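Grab a pencil and open the viewer. Here are some exercises, each with a worked solution to check yourself against.

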Amino acid sequence: MASYILSTDILVLRRWIESDAVAFIEMNKDTELMKYFPKTLSKTETLGMLRKIKLNFEKNNFGLFAVEEKLIKQFIGFTGFAMPTFESFFMPCVEIGWCFKKEVWGRALHRCCECLFEVWV
């Protein structure tokens with residue numbers, strides 16, 4: 001079992017575990033889900049992204065948390081803070097990121113994540 005960082009009655013924010021990779025790979029292949037991201041990602045690119053997420057925690061002591069639906073103990077997406085690496089006039093910066101599996105869209109889970117961050121910050 002992964003250790004919880006924060007939790008509500010519905011959601012858990014936790015560090016990533018190996019079994020999250022399969023669902024994360026599927027999420028990153030989905031064109032509708034990735035509409036506002038630069039592009040869809042292959043399996044190799046997704047696994048590389050996961051390595052970067054984990055390294056970011058080690059380097060900065062914060063990052064993108066895995067989000068788990070508490071009752072079914074299933075990975076449903078991610079949320080947290082990231083440090084983008086692209087070049088722009090406003091860099092460096094810290095951004096808030098999130099993405100959830102389409103199966104949970106419309107369930108106001110983003111509001112639960114907002115509540116978690118309100119408690120945390």
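The exercises below go from the overall fold to the sheet, the helix across it and the pocket, all in a predicted model.

**Exercise 1. Work out the order of helices and strands along the chain.**

Solution. Start with the inventory: there are 3 helices and 5 strands. Next, walk along the sequence and write down each element as you meet it; you should get β-β-α-α-β-β-β-α. Then take stock of the burial: of the 121 residues, 41% are buried, where buried means under 20% relative accessible area. Finally, look at the contacts between residues at least 6 apart in sequence: 51% of them join residues at least 24 apart.

**Exercise 2. Put the strands of the sheet in order and find its edges.**

Solution. Begin at the N-terminal end of the strand list. Strand β1 (residues 4-7) pairs antiparallel with strand β2 (residues 11-14) through 3 bridges. Those two make a hairpin, with 3 residues between them. To pin down the register, take L6: its bridge partner in β2 is L13.

Now step across to the other neighbour of β2. Strand β3 (residues 64-69) is joined to β2 by 4 bridges, again antiparallel. Here L11 is your marker, as it stands opposite E69 in β3.

Carry on and you end up with an open sheet of 5 strands in the order β1-β2-β3-β4-β5, paired antiparallel. The edges are β1 and β5, since each pairs on one side only. As for the twist, neighbouring strands are turned by 25° against each other on average, ignoring direction.

**Exercise 3. Find the strands that helix α1 lies across.**

Solution. Locate α1 at residues 20-29. Then check which strands it crosses: β2, β3, β4 and β5. For the angle, use β4 as the reference; α1 runs at about 75° to that strand.

**Exercise 4. Describe the largest pocket: its volume, its lining and the elements that supply the lining.**

Solution. First, the volume: the largest pocket holds about 1400 Å³ of space. Second, the lining: 38 residues take part, and the closest to the centre are F37, M49, L64, F78 and E95. Third, sort the lining by class, which gives 24 nonpolar, 6 polar and 8 charged residues.

Last, trace the lining back to the fold. At least two residues each come from α2 (43-60), β4 (74-82), β5 (95-100) and α3 (109-120). Which element gives the most? That's α2, with 8 residues.

Key: Residues are numbered from 1 along each chain as its sequence is written. This is a predicted model: local features need pLDDT of at least 70, side-chain atom pairs count only at pLDDT 80 or more; totals for chains, interfaces and linings use all residues. Side-chain values use heavy atoms; hydrogens and water are left out. On a 1 Å grid over the protein atoms alone, a cavity is a set of points where a 1.4 Å probe fits but cannot get out, and a pocket is an open set with protein on both sides within 12 Å along at least five of seven lines; lining residues have an atom within 4 Å of a point. Grid points are joined across faces, edges and corners, and a volume is the space filled by probe spheres set on the points. Ala, Val, Leu, Ile, Met, Phe, Trp, Tyr, Cys and Pro count as nonpolar, Asp, Glu, Lys and Arg as charged, and the others, Gly among them, as polar. Two strands pair if DSSP finds at least two bridges between them. Axes are lines fitted to C-alpha atoms, for helices over the stretch in contact, and angles run from 0 to 180 degrees between N-to-C directions. Contact means heavy atoms within 4.5 Å. Buried means under 20% relative accessible area, exposed over 50%, partly exposed in between (1.4 Å probe, protein chains only).
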